[in-house]
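Open the structure in your viewer and keep the sequence panel visible. The stops below go from the whole chain to single residue pairs.

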Amino acid sequence: MSGDSEKTVYAKGMAPQKDGGGSKPWLPWLVTAVVVLLSGVAGYLGYGAYSMQKERAEAAEKSAAEARAQTVGTEQARKALEAQLSQQLAAKDQKLTALEDERTRLNTERDQLQQAVQEKDAELARLKATYEEFEQKLKSEIADGEIRLSQAEGRIQVDLVDKILFDSGEANLSPRGSEVLARLGTVLSKVENRSILVSGHTDDAPPSQRLAATYPTNWELSVARAVNVVRFLGEQASVPPSRLVAAGHADTKPVASNANAKGRARNRRIEILLIPDLPAGKKGEAKTAADAR
């Protein structure tokens, strides 16, 4: 078949196609499906990542909230502990201050007690020296029983029977009485920090008719004798008058029985009592001491 175009015979139903391929209508749908599928996968993956991120963020926020709460709790606990410690320290400081005050008080009391003991020892030494000097100055009268010397509770007492100071029934000092008081005054004039209480005492016999006009009762006689002794000590023996006190007790404070001459002789006496000076408000103790005898 020369000169004719070559013809190809196709089976029935098999139509010849053009070069470059035929039309494919399903391809866009495929692409769309693939895009949608990829989008879904991406969305799923993105949502999963978002969910994980969100969970992580929530967990982090929760952790942060818990940390903040713990921090707040810790801060509150710290403040509470600081307040408690501050209170404890304040209480300890207060206790230490109280202990320091107590120690200061005890030290002060100790020093005062030591000073009081030293002063007491010195006072006892002075009292002993005074007592011994009385013994020396009045040795003969003490030996004859005309003067009694005693010491008790920081006090010295000198008891003089009336016959060595006064004539019978008299209130004025006899020459011998003045001499005895002069010797006594040399000791009393050196006594310090003591009051000198001079007390007159009688027996229960009333003054004689001769003396009744001057001394109606034993009260006047006992007081007059005490006053005359005080005046002599202050004016003639250089005893400071501010230390002298005179008192009369008549026959109210006997030291022996008035039923016999010996007892009456002992009751007719002058007592000279040396007592420590007393703080303000206690001066009445001198009178009480004398009244108690």
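**Whole chain**

Start with a cartoon of the full protein: seven helices and five strands make up its secondary structure. Helices (H or I, at least four residues) and strands (E, at least two) are DSSP runs, numbered from the N terminus. Along the sequence the pattern reads α-α-β-β-α-β-α-α-β-α-β-α.

This is a predicted model, in which local features need pLDDT of at least 70 and side-chain atom pairs count only at pLDDT 80 or more, while totals for chains, interfaces and linings use all residues. Residues are numbered from 1 along each chain as its sequence is written, and side-chain values use heavy atoms, with hydrogens and water left out.

Of the 293 residues, 26% are buried. Buried means under 20% relative accessible area, exposed over 50%, and partly exposed in between (1.4 Å probe, protein chains only).

**The sheet**

Select the five strands. They form an open, mixed sheet in the order S1-S2-S5-S3-S4, where pairing requires that DSSP finds at least two bridges between two strands. The edges are S1 (147–152) and S4 (244–248), each of which pairs on one side only. On average, neighbouring strands are turned by 15° against each other, direction ignored; axes are lines fitted to C-alpha atoms, for helices over the stretch in contact, and angles run from 0 to 180 degrees between N-to-C directions.

Zoom in on S1 and S2 (residues 155–161), which are antiparallel and joined over six bridges. Isoleucine 147 stands opposite leucine 160 in S2. In the loop between S1 and S2, select glutamate 153. Its phi is positive, about 50°, although the residue is not a glycine. Glutamate 153 counts as exposed because its relative accessibility is 76%.

**Helices on the sheet**

Add H3 (residues 175–188), which lies across S1, S2, S3 (194–201) and S5 (269–276) and runs at about 5° to S5. Next add H5 (residues 218–235): this helix packs on the sheet and touches S3, S4 and S5, its direction making about 165° with that of S4. Contact here means heavy atoms within 4.5 Å.

The loop between H3 and S3 holds asparagine 193, another residue that is not a glycine but has a positive phi, about 60°. Asparagine 193 is partly exposed, at 42% relative accessible area.

**Salt bridges**

Show the charged side chains. There are 21 salt bridges, each a side-chain nitrogen of Lys or Arg within 4 Å of a carboxyl oxygen of Asp or Glu.

- Select glutamate 123 and arginine 194, whose closest N and O atoms are 2.5 Å apart. Glutamate 123 lies in helix H1 and arginine 194 in strand S3, so the salt bridge ties together parts 71 residues apart in sequence. Both residues are buried.
- Move to arginine 210 and glutamate 170, with closest N and O atoms 3.1 Å apart. Arginine 210 is in helix H4 (residues 209–212) and glutamate 170 in the loop between S2 and H3, 40 residues apart. Arginine 210 counts as exposed at 58% relative accessibility, whereas glutamate 170 is partly exposed at 23%.
- Within helix H3, glutamate 179 and arginine 183 are four residues apart, about one turn of the helix. Their closest N and O atoms are 2.6 Å apart in a salt bridge.
- Finish by selecting Asp162, Asp203, Arg225 and Arg268, which are joined into one network by salt bridges that share partners.
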